[in-house]
Amino acid sequence: MCVTPFYSPDLCSSYSTVSVPFAHIDGKSSHKFKSALFMGTCQSALSSVSALLYILLRRKSTDTLSKSLGLEHTEPVAVNGAANGNGKANGKHHHDKPSTRFSTKALLLRYLQCSVFITSAAPFGFAALSYISYPAMVLGKSCKLVPVMIMNVLLYRRKFAPHKYLVVLMVTTGITIFMGMGDDKKKSKSHGGGNGQAQTPYANLIGISYLLINLALDGATNSTQDEIFTRHKVTGQQMMFWINIFCTLLTSILSVLPLPYIPVIHPSEDGQSELVGALTFISEHPSIIVPLAQFALTGALGQLFIFETLQHFGSLTLVTITLTRKLFTMLLSVVVYNHTLTMGQWLGAAVVFAGISVEAFVKRKDVHAKRVIQEKEKAKIKSL
């Protein structure tokens with residue numbers, strides 16, 4: 001399990017480092033590590049520690065631990081005089097007063113909600129790979145902008161600028177064309193269909209259903225994070241800390257319980273807890289320790305940048321970046337390694353770049369308009 005399934009269009013490509021067979025201590029056999037919950041626990045635990053260290057290193061000496069963790073927000077309130085319409089007090093003397101607009105309990109419940117979505121989404125993503133091919137999964141994840149926007153509208157009645165819908169449509173269409181118009185021969189050689197079940201229409205239907213559930217939960221996660229930033233004054237690292245804390249608790253509880261066989265959620269049929277199975281595997285396959293540590297460390301460091309982007313630019317921009325990353329990587333490989341792209345892939349890349357250009361053009365226009373307004377206000381002040 002990857003605790004941040006909504007960040008990567010290719011279902012957390014770093015998972016591939018621990019998805020290969022590892023040699024047994026007897027030197028005669030090798031096996032694959034299948035404890036997804038344990039992987040998620042390792043990554044979320046290290047991510048919460050990374051966020052906490054980042055917060056503590058950047059905290060002000062006057063801040064309490066509660067305020068540093070985003071559980072307490074203070075606003076300057078006038079002692080003499082009421083606050084004006086801009087939130088600034090007219091009085092000369094101020095003191096800090098805790099903000100009661102949104103409660104700490106409501107904030108923590110939102111964090112828990114995100115954690116439940118994340119913990120639930122990942123198993124469906126990995127289960128989908130048992131029924132559909134990896135390229136089909138990547139193709140489905142390339143449409144992630146659509147559920148993100150839909151969930152923002154459905155869950156929180158959020159409205160977007162008209163050009164945003166056009167950009168989402170163009171980027172999604174372009175990436176879908178790019179992923180779907182590759183060399184089919186290469187894809188069929190390099191990727192199989194999970195357990196070999198993807199050969200039947202029924203299996204494909206199951207896999208697509210799991211993928212749609214995964215995308216819906218990803219969209220719900222992103223939209224809830226946008227809602228948190230809108231209603232609560234928290235930083236990206238504060239959100240990262242609490243979401244990963246809750247993810248760690250949830251995955252730890254699930255991995256300790258000796259759950260019976262549950263499709264998708266707990267596919268093990270031996271009845272033992274996943275934690276016991278993971279520790280047993282590690283003791284018998286010590287070569288997995290380094291890749292597992294690398295998986296957790298890279299995920300933790302990557303989240304620091306991801307949540308910073310999420311805080312300042314929102315989920316739509318973040319998902320656009322993660323989706324176009326793979327496209328830019330492919331284009332770079334054409335220059336560096338002389339790889340070739342099909343005509344369909346070039347067409348898809350052109351559509352994506354056109355969508356990005358629309359976004360850049362509108363933002364530049366908005367910035368220019370704001371500067372004009374600011375210059376007019378400055379001129380009025382000088383004339384007074």
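T251 is found in helix α9, which spans residues 236-256, where helices (H or I, at least four residues) and strands (E, at least two) are DSSP runs numbered from the N terminus. With a relative accessible area of 0%, T251 is buried, the term buried standing for under 20% relative accessible area, exposed for over 50% and partly exposed for values in between (1.4 Å probe, protein chains only). The side chain of T251 is joined to that of T41 by a polar contact of 2.8 Å; such a contact is a pair of N or O atoms within 3.5 Å, of which, within protein, one must be able to donate a hydrogen and the other to accept it, and residues adjacent in sequence count only if both atoms are side-chain atoms. The model is a predicted one, in which local features need pLDDT of at least 70 and side-chain atom pairs count only at pLDDT 80 or more, whereas totals for chains, interfaces and linings use all residues. Residues are numbered from 1 along each chain as its sequence is written, and side-chain values use heavy atoms, with hydrogens and water left out.

At the level of the whole protein, 12 helices and 4 strands are present, and 43% of the 384 residues count as buried. The protein exposes about 21000 Å², of which carbon and sulfur atoms supply 65%; accessible areas come from the Shrake-Rupley method with a 1.4 Å probe, and for residues only the protein chains shown count as cover. Among contacts (heavy atoms within 4.5 Å) between residues at least 6 apart in sequence, 77% join residues at least 24 apart.

A second threonine, T172, is found in helix α6 (residues 162-180) and counts as buried at 9% relative accessibility. When its neighbours within four places in sequence are left aside, T172 is in contact with S142, C143, L145 and V146. V146 also belongs, together with I150, L154 and L155, to a nonpolar patch on the surface with about 330 Å² of accessible area together. Patches are made of residues with over 30% relative accessible area and no salt bridge, like charges being joined within 9 Å and nonpolar side chains (Val, Leu, Ile, Met, Phe, Trp, Tyr) within 5 Å. Within this patch, I150 is found in helix α5 (residues 145-156) and is partly exposed, with a relative accessible area of 42%.

Charged side chains were examined next. The count comes to 3 salt bridges, a salt bridge being a side-chain nitrogen of Lys or Arg within 4 Å of a carboxyl oxygen of Asp or Glu. One of them is formed by D63 with K67, the closest N and O atoms being 3.9 Å apart; D63 counts as buried at 16% relative accessibility, whereas K67 is partly exposed at 28%. In another, the side chains of E227 and R158 meet at 2.7 Å, N to O, and this pair links distant parts of the chain, with E227 in helix α8 and R158 in the loop between α5 and α6, 69 residues apart. Both E227 and R158 are buried, the relative accessible area of E227 being 8%. E227 also forms a salt bridge with R231, for which the closest N and O atoms are 2.6 Å apart. Being 4 residues apart in helix α8, R231 and E227 are separated by about one helical turn, and R231 is partly exposed, with a relative accessible area of 42%. R158, E227 and R231 are thus linked in a network of salt bridges.

The structure also holds 7 aromatic pairs, for which rings of Phe, Tyr and Trp (its six-membered ring) pair if their centres lie within 6.5 Å, planes under 30 degrees apart counting as stacked, over 60 as edge-to-face and the rest as tilted. Among them, Y131 and Y210 form an edge-to-face pair, with 5.9 Å centre to centre and 65° between the planes. Y131 lies in the loop between α3 (104-128) and α4 (134-141) and Y210 in helix α8 (residues 201-231), so the pair ties together parts that are 79 residues apart in sequence. Y210 counts as buried, at 16% relative accessibility. The rings of F160 and Y165 have centres 6.2 Å apart and planes at 85°, and the pair is therefore edge-to-face. In this pair F160 is buried, with a relative accessible area of 18%, while Y165 is partly exposed at 37%. Elsewhere, ring pairs link F33, F38 and F281 into a cluster.
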